[in-house]
Amino acid sequence: MQPAIRHLYKLFFIIALFMMNSTNAFTSTIPLLFEQATPASKYKLISNTDTLISEIDFHIIAPGWSGNILSMSDTLGTGDLNSNQSALLPNSRSPKAKYKWTTTQNDSEIQCTITLIPLESITCETAILSLKIPIKNLINKQYISKNESGTEKSSQFSSDPPSDKHVLWDTANNGWLALQASKTSAIRIKPNWKNTQKIQLQDNRKFSNNNIEIQIYAQTANILQPNEPIIFEFTIQSKQASKMNEWLKESNQTINLPEANTIISSGSANIKSVTCHTPSPTQHQLIEYTIDLDANYTNPFDPDDVKLDAIFTHETGQSFRIPAFFNVKFQHSLQDNKEHYTHDNSADWQLRFRPPLSGKYTYTLTLNDGTTTHKSSPSQMFVASNPDKGFIQISPSNPLTFSFNDGSPYIPIGANVAWSTTSGVFDFEQYWQSLAQNNANYARIWIAPTFSALSLSRPAETNRPTTGPGVIDQLAASRIDKILQYAEQNDIYIMLCIESYNSLNDNAAAHGKWHESIYNIKNGGPLESPSQFWTNPTARKYFRDRLRYLIARYGHSHNIFAWELWNEVEFTNEWPEHLKESQEWHQTMAKYIKKNDPYEHLVTTSAHEGDTSLSHYLLDEIDFSQSHNYNSSQLAPTIRKIATFQTKKFNKPHIMGEMGIAHSGQQTNKDPEGIHFHNMIWAGLFTETPSTAMSWWWDNYLRPLNLWTHLKPASKFIQNAPVNNPNSKALNFISASFTKPLKDPHPAMIRIQGDTRLWSQAPSNQPTIIIVDKNTIQGNDHLSGILHGSTGKPELANPLTIKIDYEMDGEFAVNIAEVSGWGGAKLKVYLDQKLLIDEDFADPDGDEKTEVLKQYAGRYAIPVPAGKHEIQIINDGKDWAMIDYEIVSPWLRDTPWIDLHGRIYPSTSQGQPTVIGWIRNQDYSWTQYVNQRNIEPLNPIHITLNDIPSAYYQLILFDTISSDVTEAGQYKAENQSITIEIPSFKNDIAFKLYRIQE
């Protein structure tokens, strides 16, 4: 018997048996049956003669996928859903794997389990179960849902295709979805959240396909090992369509949310009592108070409605204004690797103060509810001395670096950890422990937009009164408390990102979340369009009130490194047209923080590429600049160039806030050893602002592969460097040579890649000339990773000219990654004014579809004979192409192919190095590894360094993986130069020079 037929018999038998033994089984329920669909690799769900789900399928998704399941080009495989069958996935592109589908009938539901078992290692971004329903069956019919917080939603499927978004609803952790799937039948999909990452409902008419799709995302590892299963486990329940709202009456036992009257108060303003929970306070210790009060207010998060402040005055006369905050109490627990939370329906007003000075304080509280003001009687307290590093600041001795209040340096070492999985705050506990175990001290988290469980601002939810415009979500606020508590326990300092471009971006393909924004008029907000945000007074008030709450609740923490106003602000809608308005907004909000934050935390914002037109960093109120870069495979040189440019332009510290090989996780995962992560860490330590470049891929790369270990050696190496030395400068080397000539040198291969990708007028978007020789590449400081089309945007045209002397016959190649979907591009390559490459990368559908064109990706090469040449690369098409270049075999590698980064500290204290450096074999790179090219060890080399103070030095070598330290001899610096010998090494090596005698 064929497996599919046997499957149908079995299901008929189960359902018949169930009906005989359940007298009331189908009073309001509908019988369900899976049936083979066409094509044979799909299945459908039917009830009587109605088709409820027309197609069920699953997909293993390669990292870096984009678009939707319908048009996915990076799917690794799809499979039949055969009950109790194990078979290889049928798609010829698939890795080897077997799968099994089982179903059991229980009461009025079918429980389904799909198990996919890899037979080989698979790199996976996610796995999705897809259930599709024809839109013709759903128009004007109802769907209902509950999300992870128990919030209900009821809506109808429109007859019109979506104009602004395709995702109608999604949730993680305990949510479910139900819909009327036919005239008489309704079904509910309930995942087993032990195995499920999220469930999503989307309207595929956005992608010219007439169905509604339910997607169940499985919990998966980043790298699937053989025999490590992916499990989809879910329940489909049936009910008569007229009875489907009964599902909403079911309670969610894991959620207990506050009642609306908890946050409303009436009565004249009166401070009834102030209770201090810290009986013997000490300097730098958190002192907490609970205030019992009466007041007349409806929104405790609006200081124009109710405002409670304390003034602490030190015996010296110095005073600190501390805002109090309204708090709804939540308790968090971890069950089955998921965060659970409860609420006892209590709330209060709290005050948190961390005294920076020891001695005697007098304090009073003032309450104002808009009509009445009440001031408490003065109270006194004595704070015992307790020395502490204090808060992080700009170093007073070197304004390009950071230090603590006590003067000790702060060198950020860590990564982004922006949000969590269903384990919620307990994920962060594990992350902070992993960082601390590897001597790291930095992380960046997001408290927006709405897809983050830490978002303090989200649209109003009916059973969650602390949501909506102008309101602070207390569940998210309690999570941030826990995260900071864990951070303090592990000495992790957090950059708190307050908003992200997503909230003001309406492009779903760019992860826009305007449809969920509290500023959107459809969600009760004040704005009809995102671009109104910068000047709208109500939107400004919402944000300013949020800042006040952040300062009140979290500002006390030493472990807040900085307030970050925006993530990648230039991706908000119509940002270039509102640049000046955005700049003025940033200045206003940063001034508000500076005026109201008594602890003087640093303030910053961020742009994706550190856009040179981002004048926000020129503001006095913005303390340091950031760059986000995903466009270079030559990470170490890129970091150095960007950091040098940024610090010189803005004269402020600079952090590489996000970095990776590409925007796609697929490229990252080609490097399971973490070579590029390692190089990001070490290159950042030797910039003007010592700091590791911060990887973005914390959850699906660093964590599953435990690559945190790369951080520990870097932290150990840099810990005694005098990084705040006011006279520090970059280390340059005059020459490098092998101690003995090579017997058989290989031809060189030089890869040239631009570091920035900008769509505005900038130094990188103009004609560029670079000169390449054996030792240097001149003129590439502003080389772009995009070749703009001179036809469509002549003001951005940036043709490249390369001048080079080939010592032997070789090759030149252009690598194309992606081409604009807004009109394509044209590539022309000239050798000594002779056209050798003329490629038309045409956009086949004009502007109808705007997805990037990947069909032109490839290598376009020309032969180059020995001699001096001028190579010109031009795009005279309509739009851009992502591009880099290879110079192949221009000469033999008879000099060391190294990259050297370092710093000189002319004046040092005992036990501190005068020179620190890092030498990288240029073959030790992501590019070399993924292209399966050998990383050839380097023979012993001599390196001559300049600008070294004349003295005798001890050379110390440092292993960047094991942290082993080796004394490598004494050397004398004369006439400001020193020559040291470095023994043979394969990947990289760090060194220090300690002055031992003048």
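Here are some notes on helix α3 and a few salt bridges in this predicted model.

1. Ground rules: residues are numbered from 1 along each chain as its sequence is written. Local features need pLDDT of at least 70 and side-chain atom pairs count only at pLDDT 80 or more, while totals for chains, interfaces and linings use all residues, and side-chain values use heavy atoms, with hydrogens and water left out.

2. Helix α3 covers residues 474-490 (helices are DSSP runs of H or I, at least four residues; strands are runs of E, at least two; both are numbered from the N terminus). Its 17 residues should span 24 Å at 1.5 Å a residue (1.5 Å times one less than the number of residues), and the end C-alpha atoms agree at 25 Å apart.

3. Of those 17 residues, 13 are buried (under 20% relative accessible area; exposed is over 50%, partly exposed in between; 1.4 Å probe, protein chains only). Aspartate 473 caps the N-terminal end, with a side-chain oxygen 3.4 Å from the backbone nitrogen of leucine 475. Aspartate 491 follows α3 and has a positive phi, near 55°.

4. The salt-bridge count is 32 (a side-chain nitrogen of Lys or Arg within 4 Å of a carboxyl oxygen of Asp or Glu). Glu288, Arg352, Asp481 and Arg553 are linked in a network of them.

5. Arginine 640 pairs with aspartate 899 in a salt bridge, closest N and O atoms 2.9 Å apart. The pair links distant parts of the chain, helix α6 and strand β51, 259 residues apart. Arginine 640 is partly exposed at 32%, whereas aspartate 899 is buried at 7%.

Notes:
Polar contact = N/O pair within 3.5 Å; in protein donor to acceptor, adjacent residues only side chain to side chain.
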